[in-house]
Amino acid sequence: SATLGQHAAARGKYFGSATDNPELTDAPYVSILSSEFNQITPGNTMKWQFTEPQQGQFSYGQADTVVSLARSNNQSVRGHTLVWHSQYPGWVDSVPASQLLGVMRNHVTNVAGHFQGQVIHWDVVNEAFEENGTRRQSVFQRNIGDSYIAEAFRAARAADPTAKLYYNDYNIEGIGAKSDAVYAMVQQFKAQGVPIDGVGMQAHLILGQVPSSMQQNIQRFAALGVDVAITELDIRMNLPRDTTKDTQQANDYRAVVNACLAVTRCVGITVWDYTDKYSWIPSVFPGQGAALPYDENLNKKPAYTAIHDAL
Ligand code: XIL
């Protein structure tokens, strides 16, 4: 039967997976990654700590490996991520405040320039808001100010005019204070001519807690004139798995897929890796996991069937 990627493509969308370089030595894993999905996101190796570990010294070997694997499989690539408060090298904290805007622009220009023509999207800025809708006090916010997000988007557009430029965050899948703040920012960017093309909803969700307003929220962003992507989908549960939880998880995955399918401008869905073998969840949320559509032995779970049937 057809793959998730093929079903999504028939609907005019993609269905993708994150991956990471250490996993690429796992041949059975790579076989499924290469066949089932029509989009790939490098889970780590496009981040600042990997691409500019020393100031002015750019390093693209690992990210290039993921991009060339994707190209050989006819998969599109989402670039993730240019400016983020996490996983950046320590030297950035030592840049004098008055120089950080130039340093940020130089990073964006180099990285987006290197991958020009090879990525369909860039997550230009990641996770810039707090839950209450205020700006996160990152090094960029503290030393550059509110304007750093718009400046990052302008630099990315100049470096890669063909990539769609996304703002990406978590806990913005439903309507609430945080998604309201992102909505207001997108509205302002559109009014001011700041080049934004899309909003990425990470969708690191909890079992049984798909926001009921998700479709409506996707729709309101689309109505502003931006695309929406579900960029890092996983649905975690308290371990151990059981049949009841697996059934709930399948229902939850189906609800997310249906919310995206219902909105033309929802362009695709990416799971944050596809197998529980390589999920980031257990290391960050102790006692939780089993968040992905394949188990740790690369067998399909009920969530896989639900996604497949919904697409
Ligand atoms: C995670 C990776 O999956 C982990 O391997 C890494 O240790 C930490 O980052 N939001 C994001 C992603 O935007 O970049 C994060 O990825 C997960 C949360």
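1. Tyrosine 274 is buried, at a relative accessible area of 0%. The model is a predicted one. Phenylalanine 37 is buried too, at 3%.

2. Aromatic pairs number 17 across the whole structure. Phenylalanine 37 and tyrosine 274 make a tilted pair, because their planes stand at 35 degrees, with ring centres 5.3 Å apart. Tilted pairs fall between the cut-offs of 30 and 60 degrees.

3. This pair links distant parts of the chain. Phenylalanine 37 sits in the loop between α2 (27–36) and β2 (39–42). Tyrosine 274 sits in the loop between β9 (266–271) and α11 (281–284). The two residues are 237 residues apart.

4. Phe37 and Tyr274 also belong to one aromatic cluster. Its other members are Phe15, Tyr29, Tyr278, Tyr294 and Tyr304.

5. Turn next to the tryptophans. Tryptophan 48 and tryptophan 91 form an edge-to-face pair, with 6.2 Å from centre to centre and 65 degrees between the planes. Tryptophan 48 lies in helix α3 (residues 48–51). Tryptophan 91 lies in the loop between β3 (76–84) and α5 (97–114), so the pair ties together parts 43 residues apart in sequence.

6. Tryptophan 48 is buried, with a relative accessible area of 2%. Tryptophan 91 has 15% relative accessibility and counts as buried, because the cut-off for buried is under 20%.

7. Charges over rings deserve a look as well. The charged end of arginine 78 sits over the ring of tyrosine 166, at 5.0 Å from the ring centre. Arginine 236 places its charged end over the ring of phenylalanine 285, at 3.8 Å from the centre.

Definitions and conventions. Residues are numbered from 1 along each chain as its sequence is written. This is a predicted model: local features need pLDDT of at least 70, side-chain atom pairs count only at pLDDT 80 or more; totals for chains, interfaces and linings use all residues. Side-chain values use heavy atoms; hydrogens and water are left out. Rings of Phe, Tyr and Trp (its six-membered ring) pair if their centres lie within 6.5 Å; planes under 30 degrees apart count as stacked, over 60 as edge-to-face and the rest as tilted. Helices (H or I, at least four residues) and strands (E, at least two) are DSSP runs, numbered from the N terminus. Buried means under 20% relative accessible area, exposed over 50%, partly exposed in between (1.4 Å probe, protein chains only). A charge sits over a ring if NZ of Lys or CZ of Arg is within 6 Å of the ring centre and within 35 degrees of the ring normal.
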